[in-house]
Every structure is written in C-alpha cells, then in structure tokens.
Amino acid sequence: MFRRLSRFSLLAVLRPMALACLLLSGGVAAHAQDAGEPNAGFFSYLPAPPKLKLPSINIPFWTDDLKKARNAYNDGNYSKAIKNFRKASDDGNIVADWYLGHIYATGKGVSVDDATAFSYYSRVAEAYDPDEPDQKRLRIMVDGQLRVADYLRTGIPEAGIRPEPAAAARTYLRLASTYGHPGAQFALGVMTMKGQGVRKNPQQALKWLMAAARKRHPGAQAYLGDLYWDGKVVQRDETRAVMWYILAGATASPADDAAIIERANAIRSEVSDETRLEAEARARVWADQYPGEEGLTP
C-alpha cells in the first residue's frame, strides 16, 4: 500500500480552521526544537511516565556517513548533508531515508519536492517492524508511516497521486491506538470532525483532539482554541479559547508553527484583561497536570 501513498504535517482542513488547514498540510511538527535539528515528532508514544529504559543496541545507530551527514545538516551545509545521507540511504539506512524525506519536504538546500519526500518516507514506512527492539528505529518507522499517511490524506497532485483519506485514516487509527501517537490522534480528530475518510462524529473528534492535547500537541491545542472561539461545535468560551492558544503557543516551534504563535498572540489581544488573566491561570494548571514530553529527534 505504501508505494501508492501521499501527504501530512499539519494539514489541509477547513477553518475553524483555516489555521488547522495550514497545520495539517505542514507536517507533524510539534514541540519546540534545537535550531539545527528537524522536529520529527518522535514522541515516546507513552501517555505518562515512567520512562522506559532503551535496550542495548548492538548495531550502531549512527554510521560514519550518517554522522557526517547529520553534522553537515546541523551546520546548514545541506549539499554535503544530502551527499552523505544518500550514501547511507544506498546502504539501506532508514535514518538517512527519513532525513532525506524531511529535507525534500521542507526544502532544506533544495526545492520543496513532495514526490521525492514521499518516496523517502515510504521507504521508512515499508521498513516498519512492530517487533523492532531498538526504540529509536521504531520511532522513526512509526513517524515514516505517519508522514506517508499525511501525504496519502491530501494527495500529491503534481505527482499524479490522488488523495486516499480512508486509507490515511486507517493508518492514523492504528498509530493512535497502538502507540498513542499525538500526531495521529490530532489527524483523526480533524478528519472525524469533518467526516473526511471516516464517519463525521464531532464528539468522537473532540476525544481524539483532547488525547493529543494532553500530550501537548500544538496543532490539537490550537484547533481546540479555534473551536471554543468560533462556538459552532462547542459552546463559545473566550477564556477556554485563549487558554488553549496559550498552551499551543508554549509548545509550538517558531520554525514550523509560526502561524500558531501568531494566532496565539493575536487572540490574547482581542479579549479583556480579566479574560486573559483567567486563561493564563487555567493554562498554568493544565500545563502542570500535562507537562508533555520533549520531541525526540533521530
């Protein structure tokens, strides 16, 4: 199936969600990250501590070519990074495949090329093995499947790849159910809210969105903020809307989620000081209860 697939990262969805539309089409992207590193959304897939100890790894996670490529990538030397990632990719290294997918999806040193990004992400997805003992590799495999589903959901018109939202929804459901992946939960929430690829069910959609929001997924938090601001699916509540946007802005990546941060700042300026202060207090309580986890990169 993966050879036919296509795109996600944060999505093409109707407004409440002009923003959510932008979010779902932009890639999974999620928590704040180090300047040179891509944020793949490599969450631990656990809803709460305790953290698992990683098993000992016999095969080195970083080969020489991969180390050279990552160092060049972090230094912004993308031509050198691509050269070394391709060497590692030719040796069947899925970490290199993932990075190459990210490079072409985001246009790092190259023109954005969704078809090429899709092909690299598909190689990662096809390597998926639920019994993979190396948790880092497993995260990469899961992320590859998520990104293939993102492309599958929207299609890649320039490559002649048509949207297959039902197939994308099945992948999201498996990843959300098996790993509790917040990116998959967010995608399911939006698709279920719209009835895209699945039966429309606003109440179930809210459950998926809340599950992702508890893991501090910025897209889910922003989407909930829009829902409470618009008041079409839930009762309009400015305080809750601002609270969700405060939380979204706190976990959004300036590089990947600029629209969320811009909207968070704008919406806070549109309410009274009393509403804003109450929203800030509620956001602190929520953040203490659900601190989330740092995004994990390869």
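Analyst: A residue is called buried when its relative accessible area is under 20%, exposed when that area is over 50%, and partly exposed in between. The structure discussed here is a predicted model.

User: Why is Arg-263 called buried?

Analyst: The relative accessible area of Arg-263 is 17%. The cut-off for burial is under 20%, so Arg-263 is buried.

User: What makes the contact of Arg-263 with Asp-226 a salt bridge?

Analyst: The closest N and O atoms of Arg-263 and Asp-226 are 3.8 Å apart. A salt bridge requires a side-chain nitrogen of Lys or Arg within 4 Å of a carboxyl oxygen of Asp or Glu, so the pair qualifies. Arg-263 belongs to helix α12 (residues 258-268) and Asp-226 to helix α10 (residues 218-230), so the bridge ties together parts that are 37 residues apart in sequence. Asp-226 is also buried, its relative accessible area being 1%.

User: Which other residue forms a salt bridge with Arg-263, and how do you know how accessible that residue is?

Analyst: Glu-270 forms a salt bridge with Arg-263, with closest N and O atoms 4.0 Å apart. Glu-270 has a relative accessible area of 46%. This value falls between the limits of 20% and 50%, so Glu-270 is partly exposed.

User: Why are Glu-280 and Arg-276 given their burial classes?

Analyst: Glu-280 has a relative accessibility of 16%, so it counts as buried. Arg-276, at 22%, is partly exposed because its value lies between 20% and 50%. The two side chains meet in a salt bridge of 3.2 Å, N to O. Both residues lie in helix α13 (residues 273-289), four residues apart, about one turn of the helix. Salt bridges that share partners join Arg-268, Asp-273, Arg-276 and Glu-280 into one network. The structure holds 11 salt bridges.

User: What makes Lys-87 eligible for a positive surface patch?

Analyst: Lys-87 is partly exposed, with a relative accessible area of 38%. A patch residue needs over 30% and no salt bridge, and Lys counts as positive. Therefore Lys-87 passes the area cut-off. The patch is formed by Lys-68, Lys-80, Lys-83 and Lys-87. Helix α3 (residues 78-90) supplies the largest share, three residues, and Lys-87 has its place in helix α3.

User: How many helices and strands does the protein chain have, and what share of its residues is buried?

Analyst: The protein chain has 13 helices and zero strands. Buried residues make up 51% of its 298 residues.

Conventions: Residues numbered from 1 in each chain as written. Predicted model: local features only at pLDDT ≥ 70, side-chain atom pairs only at ≥ 80, totals over all residues. Heavy atoms only, no water. Helix = DSSP H or I, 4+ residues; strand = E, 2+ residues; numbered from the N terminus. Buried < 20%, exposed > 50% of the residue type's maximum accessible area, 1.4 Å probe, protein only. Patch = residues over 30% accessible without salt bridge, like charges linked within 9 Å, V, L, I, M, F, W, Y side chains within 5 Å. Areas by Shrake-Rupley, 256 points an atom, 1.4 Å probe, with all protein chains shown as cover. Charge placed at Lys NZ, Arg CZ, Asp CG, Glu CD.
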